[in-house]
There are 2 protein chains.
Amino acid sequence: MPAKPSPRLADVARAAGVSLATASRALSEPDMVREDTRSRVQEAVAMLGYVPHGAARALATRRTRTIGAVFPPVDNPIFAGATHALAQELAGAGYTLLLASHDYDADAELAATRALVERGADGMVLVGLDHRPETLALLERAGVPYEITWALDPGAMIHCVGISHRSASIRVTQHLLDLGHREIAVIAGDTRGNDRARERLAGVKDALAARGLRLPARRVIEMPFSVANGRKGFATLLKRAPGFTAVIGGNDPLAIGAFLEAQARGIDVPGRLSITGFDDIELAGELPPGLTTVRVPSAEIGREAGKRLLARLAGKAVPVIREMAAPLIVRGTTGPVAGK
Amino acid sequence: MPAKPSPRLADVARAAGVSLATASRALSEPDMVREDTRSRVQEAVAMLGYVPHGAARALATRRTRTIGAVFPPVDNPIFAGATHALAQELAGAGYTLLLASHDYDADAELAATRALVERGADGMVLVGLDHRPETLALLERAGVPYEITWALDPGAMIHCVGISHRSASIRVTQHLLDLGHREIAVIAGDTRGNDRARERLAGVKDALAARGLRLPARRVIEMPFSVANGRKGFATLLKRAPGFTAVIGGNDPLAIGAFLEAQARGIDVPGRLSITGFDDIELAGELPPGLTTVRVPSAEIGREAGKRLLARLAGKAVPVIREMAAPLIVRGTTGPVAGK
DNA sequence: GGCTCCGATGAAAGCGCTTGCAGGCAAGGG
DNA sequence: CCCTTGCCTGCAAGCGCTTTCATCGGAGCC
């Protein structure tokens, strides 16, 4: 390893023939310093290849210019899109993203949150409302502003940017009911520790109840999000409680899995079976006949969370709740119930 | 905002009735401290809700326990998977991921790298071999160990973990040649600033050349990676230079796009047209008849990069080059050329 | 031309933690 | 019973930067 110690600001100051204080100001408070002094400092910086020492600066300013995000599996395309958008938004303001991910595990989330707070995150982004109570308490105590994404706090007490999963889910279900479907099955996401999945399922029940219908337990199956599980879940439902005319997928991969399995079994979609998803990933629009789904603006959620946090750090007030639109996108996998 | 200042280690020390030094050791060097002293300190920590101040620690130790990663769009599923695996691997060792992403832009990559070095990343993960020369120079100068992922340095001078895109691509092409295909078209990824895409394309040409064949320029189109672009690219090729019997996609989304477009046009796959992809994303195996592709172990690459970096930081030596297997996965989209 | 006022610079005190060094104490050996 | 050996603990000096406060010189004013 290179033994040569990196140059410090003092070296820059010496090379530029100014004091440490002036060198510091030339870099972080440019217009407090005379033009020519500033350029001498900058030359020295370039010559020495000086790179500021973030930890030292952070210690002195009590700011790291870093935002922490704790996400469920970032490999879910929707979180990936949000992560990218968030990172971009932050980079534009000179901030950097500290990312931790977990597998829908509240304890891991707490540990990750603690790690990010220790690292000095100036703000935090979390997903959903299911957390260990200590998680939010920790942030409050440390005085770290945070944004909850995807979900919306019903009490409107904490800063959120997201959508109402329940009402979107109600719209999906109503769409199916309007098409005449009465026998509906659900392949839900894993609802343990995932309030979004829970709300989506609850929305289906709500919509049915509003028309005096019930969702029998055997018509519901929970599966971790993936195409393969969509297939599996569909196959299981078919065996366990056949007779349904529509399947509501907890997200798009699950719905696409169900669709592929139906196709493989020669079940005509949407002729004999309607299918809906949730999220509107790219493939939903590309895979014929097009998946009926809810568009969740995940990249915008990420970007918006970043914007709001930056605004709050700059002392500006932002509305506590930022609800995004989540329109129903009707495509080819839903149609009138057969025989109507 | 809560005005109450967070407790410092000195407060913990006072509460526990020990000196600052002892409190520090109780937390970071537990077995230098007697059992009962340690537990008194820990009680004080719990009571005060003490959270260590990372910047201060970093300043004193010259270590941030943080690894930086600069990735192209993290919303590409393969990078997303690698990011998740990397973050998990690091978390297991008490490290945290500093993530920056860019849109295949070398200047943005350089800026992001500088930002992460300033933040004190103890190590860095980059993707591919296309960089501004300053990027690697900066890391060398700062003495920050780094790993290149996905690609392999032909000179074996820099630490890499990845696959040989060229030879994998050669295998794909040979597979098609073996099936009798001679008229081959390519929907490549955008090769500007993307050495992987370039190598894949070069591999196709190599394999053809080895059998005395050429790849005419009009049979090649470059498109940013996406399903929609796969469709578009395929349509363009069909118009511009029809008569090919096989399409090589630069990655799976492009190949899937081509496949969907072919299907939409009633072209029988693999009867009249063979299609191959690259990466082996989940859908490649799920979408009938199954996409023939190359399996790129992206999550393993991420995990391995983390492992190697941690090992190097711990002073262990690791082989400079870590080549991962990238097997050809033959599925249903490739078959013998029609009429053979 | 002398005085005031202001803008630019410098000196120095931290920011919160780690760590080399030294001191203190108890146990063990002579 | 005194001294050595070792284990814990405490003191204090940084780690590299920011920022208050004081200083200094010069321009503007009368």
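Me: How many residues does each chain bring to the contact between chain A and chain B?
Reply: Happy to start there, and please keep in mind that this is a predicted model. Both partners contribute to the contact between the two chains. Chain A and chain B give, respectively, 51 residues and 51 residues.

Me: Which element gives the largest share of the side of chain A that touches chain B?
Reply: Several elements of chain A give two or more residues here, including α4 (54-61), α5 (77-92), β2 (96-101) and α6 (106-118). Further along the chain, α7 (133-142), α10 (227-240), α11 (252-264) and α12 (282-286) do so too. By class, that side of chain A has 30 nonpolar, 15 polar and six charged residues. The largest share, eight residues, comes from α5(A).

Me: Which residue stands opposite A:Leu98?
Reply: Let's look at the strands first: β2(A) pairs with strand β2 (residues 96-101) of chain B. Their pairing is antiparallel and spans three bridges. Opposite A:Leu98, in β2(B), stands B:Leu98.

Me: Which element gives the most to the surface near DNA strand D?
Reply: DNA strand D is surrounded by 27 residues, and the closest are A:Leu9, A:Ala21, A:Ser24, A:Ala60 and B:Ala21. Two or more residues each come from α1 (9-16), α2 and α4 of chain A, and from α2 (20-28) and α4 (54-61) of chain B. This surface divides into 16 nonpolar, seven polar and four charged residues. With six residues, the element that gives the most is α2(A).

Me: And which element gives the most to the surface near DNA strand C?
Reply: Around DNA strand C there are 27 residues, the closest being A:Ala21, B:Leu9, B:Ala21, B:Ser24 and B:Ala60. Elements that supply at least two residues each are α2 and α4 of chain A, plus α1 (9-16), α2 and α4 of chain B. The classes here are 16 nonpolar, seven polar and four charged. The most, six residues, comes from α2(B).

Me: Are helices α2(A) and α3(A) roughly parallel or roughly perpendicular to each other?
Reply: The axes of α2 (residues 20-28) and α3 (residues 35-48) of chain A come within 9 Å and cross at roughly 90°. From α2(A), the contact uses A:Thr22, A:Ala23, A:Ala26 and A:Leu27, while α3(A) offers A:Thr37, A:Arg38 and A:Val41. These contact residues are four nonpolar, two polar and one charged. Because angles of 65 to 115 degrees count as such, the two helices are roughly perpendicular.

Me: Which strands are the edge strands of the open four-stranded sheet in chain B?
Reply: This sheet has the order β7-β6-β8-β9, with parallel pairing, and its twist averages 15° from one strand to the next. Three bridges join the parallel strands β6(B) and β7(B), with B:Ala188 matched to B:Glu222 in β7(B). Helix α9 (residues 195-210) of chain B lies across β6 and β8 (246-249), at about 175° to β6(B). Pairing on one side only marks the edge strands, β7 (220-222) and β9 (274-276) of chain B.

Me: Why does B:Gly180 count as partly exposed?
Reply: B:Gly180 sits in the loop between α8 (165-178) and β6 (184-188) of chain B. B:Thr245 is 65 residues from B:Gly180 in sequence, yet their C-alpha atoms are 9.4 Å apart in space. A residue would need 20 or more neighbours to be buried, or 12 or fewer to be exposed. B:Gly180 has 15 C-beta neighbours inside 10 Å, so its class is partly exposed.

Terms used: Residues are numbered from 1 along each chain as its sequence is written. Chains are lettered from A and ligands numbered from 1 in the order in which they are written. This is a predicted model: local features need pLDDT of at least 70, side-chain atom pairs count only at pLDDT 80 or more; totals for chains, interfaces and linings use all residues. Axes are lines fitted to C-alpha atoms, for helices over the stretch in contact, and angles run from 0 to 180 degrees between N-to-C directions. Angles under 35 degrees count as roughly parallel, over 145 as roughly antiparallel, 65 to 115 as roughly perpendicular and the rest as oblique. Two residues are in contact if their C-beta atoms, placed from the backbone, lie within 7 Å. Ala, Val, Leu, Ile, Met, Phe, Trp, Tyr, Cys and Pro count as nonpolar, Asp, Glu, Lys and Arg as charged, and the others, Gly among them, as polar. Two strands pair if DSSP finds at least two bridges between them. A residue is near a molecule or strand if its C-beta atom, placed from the backbone, lies within 6 Å of it.
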